[in-house]
Amino acid sequence: MNDTTQLPPLPDRLSIDPRSKFHVAAVFEHDVGIRFNDKERLDVDEYCISEGWIKVPAGKSLDRKGNPMLIKLKGKVEAFYR
């Protein structure tokens with residue numbers, strides 16, 4: 001299809017937090033999927049493909065600013081457009 005030629009390239013590292021320097025708003029205009037260790041994850045807040053990790057919320061715990069506490073999981077990371 002022609003839609004794939006208009007999609008921006010997925011960066012090596014991406015964060016959903018708009019305050020992060022790794023946040024790219026143009027990428028989030030499209031639906032992004034993350035596959036971690038060959039299983040699709042829907043709760044990823046940040047990823048890095050070259051270093052092989054994702055950050056996900058640790059339950060319902062929050063930090064002192066009200067943001068979810070994140071844990072880093074290491075493994076094989078793949079990012080793709082749905």
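The paragraphs below lead through the fold of this protein chain, from its overall make-up to a few single residues.

The model is a predicted one, and its secondary structure comes to seven strands and zero helices. Followed along the sequence, the chain therefore reads β-β-β-β-β-β-β, since a strand is counted as a DSSP run of E and no helix run stands between the strands. Taken along the principal axes, the C-alpha atoms fill a box of roughly 45 × 25 × 20 Å. The chain has 82 residues, of which 23% are buried. If one looks at contacts between residues at least 6 apart in sequence, 49% of them join residues that are at least 24 apart.

The strands can be taken sheet by sheet. In general, the strands of a sheet pair through backbone hydrogen bonds, and this pairing is either parallel or antiparallel. One open sheet has four strands in the order β1-β4-β5-β6, and its pairing is antiparallel. At its edges lie β1, which covers residues 13-15, and β6, which covers residues 68-74, and each of these pairs on one side only. From one strand to the next, the twist in this sheet averages 20°. Within the sheet, β5, made of residues 53-62, runs antiparallel to β6, and the two are paired over six bridges. A reader who wishes to locate this pairing in the model can begin at L62, whose bridge partner in β6 is P68.

The other open sheet to follow has three strands, ordered β3-β2-β7, and here too the pairing is antiparallel. Its edge strands are β3 and β7, the latter spanning residues 77-81, and each of them pairs on one side only. The twist from one strand to the next averages 35° in this sheet. Five bridges join β2 and β7 in the antiparallel sense, and V32 has Y81 as its bridge partner in β7.

From the strands one can turn to the side chains that they carry. The largest nonpolar core consists of 10 residues, namely L14, V27, V32, I34, F36, V44, Y47, I54, V56 and V77. Both β2, which covers residues 32-36, and β5 supply at least two residues of this core, and β2 gives the most, with three residues. V44, one of the core residues, shows some of the surroundings in more detail: when neighbours within four places in sequence are left aside, V44 is in contact with I16, I34, I54, K55 and V56.

Next comes D45, which is found in the loop between β3 (residues 39-41) and β4 (residues 46-48). D45 is buried, yet it has no salt bridge, and the nearest side chain of opposite charge, that of R19, is 9.1 Å away. That distance rules out a salt bridge with R19, because a salt bridge requires a side-chain nitrogen within 4 Å of a carboxyl oxygen. Not counting residues up to four places away in sequence, D45 touches L14, S15, I16, K55, P57, P68 and L70.

A last residue to look at is A26, whose place is in the loop between β1 and β2. Is A26 buried, exposed or partly exposed? A26 counts as partly exposed because its relative accessibility is 35%, a value between the limits of 20% for buried and 50% for exposed. The C-alpha atoms of A26 and K39 are separated by 25 Å, and these two residues are 13 residues apart along the chain.

Methods. Residues are numbered from 1 along each chain as its sequence is written. This is a predicted model: local features need pLDDT of at least 70, side-chain atom pairs count only at pLDDT 80 or more; totals for chains, interfaces and linings use all residues. Side-chain values use heavy atoms; hydrogens and water are left out. Two strands pair if DSSP finds at least two bridges between them. Axes are lines fitted to C-alpha atoms, for helices over the stretch in contact, and angles run from 0 to 180 degrees between N-to-C directions. A nonpolar core is a set of buried Ala, Val, Leu, Ile, Met, Phe, Trp, Tyr and Cys residues joined through side-chain atoms within 4.5 Å. Buried means under 20% relative accessible area, exposed over 50%, partly exposed in between (1.4 Å probe, protein chains only). Contact means heavy atoms within 4.5 Å. Lys and Arg count as positive and Asp and Glu as negative; His and the chain ends are not counted.
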